[in-house]
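Work through the exercises below with the sequence and the 3D view open. Each task is followed by a solution in steps.

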Amino acid sequence: MKVALGADHGGYHLKNNIKDFIIKLGHEVIDVGCDCSDSVDYPDYAIPVCEKVLNGDADKGILICGTGIGMSIAANKYPGIRCALVHDTFSAKATREHNDTNVLAMGERVIGPGLAIDIVKIWIETEFSNEERHVNRINKMNTIEKEATIHP
Ligand code: RB5
């Protein structure tokens, strides 16, 4: 599997831990930066990760910032991206099985590297359930992306 990985300065250290771990699992990492802990803007790293997932250069994406919140908001602006902000192993499994998420966001200032690595392993290795009810719900979200209107 190819995993696109990006972080801002708030997630830079955890990104490096996760990069090493994913490579040890036998997967390929496309690291889009950032490359040091100087202050940067998280959307600038969410963009290349989401583009790589959507154009097929990567199978999945992982985004790290201080909280994971900015990254998850930015990623979910892209039609076709389903990004989950996850800080526990139960949600890591559930969001793959139920939501077929293709991007994972986490916050370096929220969780430690041990838990983050457990989350990454579960999220990467869990398949979408393909159960009809979950497929239907994802299809409804896809319809929102195409047709959302705001009713007065
Ligand atoms: C950067 O200070 C911080 O705001 C960012 O990493 C992230 O937590 C935003 O959601």
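A residue is near a molecule if one of its heavy atoms lies within 4 Å of it. The model is predicted.

**Exercise 1. The ligand shell**

Task: List the residues around the ligand and divide the shell into nonpolar, polar and charged residues.

Solution:
- Step 1. With the 4 Å cut-off, the residues around the ligand are D8, H9, Y42, C65, G66, T67, I69, G70 and R109.
- Step 2. Asp and Arg count as charged, Tyr, Cys and Ile as nonpolar, and Gly as polar.
- Step 3. The shell therefore divides into three nonpolar, four polar and two charged residues.

**Exercise 2. Polar contacts of the ligand**

Task: Find which atoms of G66, G70 and R109 lie by an oxygen atom of the ligand, and state how much of the ligand's area the protein covers.

Solution:
- Step 1. The cut-off for a polar contact is 3.5 Å between N or O atoms.
- Step 2. In G66, a polar backbone atom is 2.8 Å from a ligand oxygen.
- Step 3. G70 also uses its backbone: an N or O atom there lies 2.8 Å from an oxygen atom of the ligand.
- Step 4. In R109, an N or O atom of the side chain is 3.4 Å from a ligand oxygen.
- Step 5. On its own the ligand has 290 Å² of accessible area, and the protein covers 71% of this.

**Exercise 3. Salt bridges of D31**

Task: The structure holds seven salt bridges. Which parts does the pair of D31 and K15 tie together, and which does the pair of K19 and D31?

Solution:
- Step 1. The closest N and O atoms of D31 and K15 are 3.0 Å apart, and the two form a salt bridge.
- Step 2. D31 lies in strand β2 (residues 28–31) and K15 in helix α1 (residues 12–24), so this pair ties together parts 16 residues apart in sequence.
- Step 3. K15 is buried at 0% relative accessible area, whereas D31 is partly exposed at 25%.
- Step 4. K19 and D31 meet in a salt bridge with an N to O distance of 3.1 Å.
- Step 5. K19 lies in helix α1, so its pair with D31 in strand β2 ties together parts 12 residues apart in sequence.
- Step 6. K19 is partly exposed, at 25% relative accessibility.

**Exercise 4. A pair within one helix**

Task: How far apart in helix α5 are E125 and K121, and are they buried or exposed?

Solution:
- Step 1. Their side chains meet in a salt bridge (2.8 Å, N to O).
- Step 2. E125 and K121 are four residues apart in helix α5 (residues 113–125), which means a separation of about one helical turn.
- Step 3. E125 is partly exposed at 44% relative accessibility, and K121 is partly exposed at 34%.
- Step 4. Elsewhere, salt bridges that share partners join K15, K19 and D31 into one network.

Key. Residues numbered from 1 in each chain as written. Predicted model: local features only at pLDDT ≥ 70, side-chain atom pairs only at ≥ 80, totals over all residues. Heavy atoms only, no water. Polar contact = N/O pair within 3.5 Å; in protein donor to acceptor, adjacent residues only side chain to side chain. Areas by Shrake-Rupley, 256 points an atom, 1.4 Å probe, with all protein chains shown as cover. Salt bridge = Lys/Arg side-chain N within 4 Å of Asp/Glu carboxyl O. Helix = DSSP H or I, 4+ residues; strand = E, 2+ residues; numbered from the N terminus. Buried < 20%, exposed > 50% of the residue type's maximum accessible area, 1.4 Å probe, protein only.
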